[in-house]
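Welcome to a short set of exercises with worked solutions. Please have the sequence and the 3D view open, and try each task before you read on.

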Amino acid sequence: MTSATVTREEADLLERLRAGDERAFEALVESYYGTMLSIAQTYVRTRSVAEEVVQDAWLGVLKGLDRFEGRSSLKTWIISIVVNIAKTRGVRESRSVPFATLAAGDDEPAVSADRFRSANDAFPGHWWTPPADWRALPQDVLLGRETLHVVTRAIAALPDAQRTVITMRDLAGCSAEEVCETLAISEGNQRVLLHRARARVRAALERHLDG
Amino acid sequence: MRARGYGRRSNGISMADNTEHITCQEVVDLVSDYIEAALPSEQAALFEQHLNFCGGCMNYVEQLRTTVASVGALREEAVPADVKAELLAAFRDWRRT
């Protein structure tokens, strides 16, 4: 699962696709359509634009299928196609997308410094206002529509690289290795981007849940 | 809930100055790597030692796990029938060219 190149299973699938096997294509669509749509929605403003992005991405997949050399896994190749198209569409729309301009600078701490005790306190660097216990919250609040909308908007507000890393890792379920390979970034860089992205999404959730 | 005394100057119990420990503020920067099992073993040990004493950081770790799960929950599964039909038509076109 962590392999960043084509697996044996994917190699078989590729062969069937290139031979024009409709069932193989249908299986591919079923595996990735939902993931692609969710990724696209973090880059563009509306679901209908996201659907167009995914449609274009599939056409891109068909166009590239014969030339695909298997240097990345089929999955990460497909995801990078949808990310690229979604990014382009997102940039084009960005004048009318207020959340894109709200993205904070990269040096923002994971948790605001005023949540911690100061240097002249008896326990400097320890919680002043500790986080709440979310295990006490009901599942339908935690994973309800409203909460998931908050998560989508929080991801949409992230700087590009963070957004791509968190969607690939935590939404699409790619491995760290697959992400590094696709984005040509180091393992350490991938971890930092993921850390920052998760911290910001958590902060948005906290504002929503503990409001 | 407060972080319990766990620091260099904890409630009159004298700890050697070189006692290694990490603060809550440092913990929050390590949680993502901890979940990834990407912390070097020495740092992971300090991290877990801290969690044993600190309810606030325990909650933070849980919150970050919940965050990861909620991002995963955005994934949609079903492909609408009309979309599938359109894509299959595109595939047939592609095959003919």
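**Exercise 1. Find which helix of chain A has the lowest mean pLDDT and which element has the highest.**

Solution. Start with the term: pLDDT is the predictor's confidence in each residue, from 0 to 100. Helices are DSSP runs of H or I with at least four residues, strands are runs of E with at least two, and both are numbered from the N terminus. Among the elements of chain A, helix α5 (residues 98-101) has the lowest mean pLDDT, 40, and helix α10 (residues 187-210) has the highest, 96.

Next, look at residues 95-104 of chain A, where pLDDT stays under 50. The model has 12 contacts beyond four places in sequence for this stretch, a contact being heavy atoms within 4.5 Å. Where pLDDT is low, the predicted coordinates should not be read in detail.

Some ground rules: this is a predicted model, in which local features need pLDDT of at least 70 and side-chain atom pairs count only at pLDDT 80 or more, while totals for chains, interfaces and linings use all residues. Residues are numbered from 1 along each chain as its sequence is written, chains are lettered from A and ligands numbered from 1 in the order in which they are written, and side-chain values use heavy atoms, with hydrogens and water left out.

**Exercise 2. State the mean pLDDT of each chain.**

Solution. Chain A averages 88, and 91% of its residues score at least 70. For chain B the mean is 83, with 80% of residues reaching 70 or more. Over residues 1-18 of chain B the pLDDT is below 50. For the complex, the predictor gives an ipTM of 0.83 and a pTM of 0.82.

**Exercise 3. Describe the secondary structure of chain B.**

Solution. Count the elements: chain B has 5 helices and 0 strands. Along the sequence, the pattern reads α-α-α-α-α. Of its 97 residues, 44% count as buried, where buried means under 20% relative accessible area, exposed over 50% and partly exposed in between (1.4 Å probe, protein chains only).

**Exercise 4. Where is A:T42, and what does it touch?**

Solution. First, place the residue: A:T42 is in the loop between α2 (22-41) and α3 (47-64) of chain A. Second, check its exposure: A:T42 counts as buried because its relative accessibility is 1%. Third, list the neighbours: leaving out residues up to four places away in sequence, A:T42 touches A:I155, A:A156, A:R163 and A:T167. Finally, a polar atom of the A:T42 side chain lies 2.7 Å from the backbone oxygen of A:I39.

**Exercise 5. How many disulfides are there over all chains?**

Solution. Apply the rule: a disulfide is a pair of cysteine sulfur atoms within 2.5 Å. The count comes to 0 over all chains. A:C174, for instance, has its nearest cysteine sulfur, that of A:C180, 11 Å away. For B:C57 the closest cysteine sulfur is in B:C54, and no bond is counted because 3.7 Å is too far. B:C57 is buried, because its relative accessibility is 0%.

**Exercise 6. Which residues have the most contacts inside the largest nonpolar core?**

Solution. A nonpolar core is a set of buried Ala, Val, Leu, Ile, Met, Phe, Trp, Tyr and Cys residues joined through side-chain atoms within 4.5 Å. The largest has 64 residues, and A:F25, A:L28, A:Y33 and A:W58 have the most contacts inside it. Its largest share, 10 residues, comes from α2 of chain A.

Methods. Polar contact = N/O pair within 3.5 Å; in protein donor to acceptor, adjacent residues only side chain to side chain.
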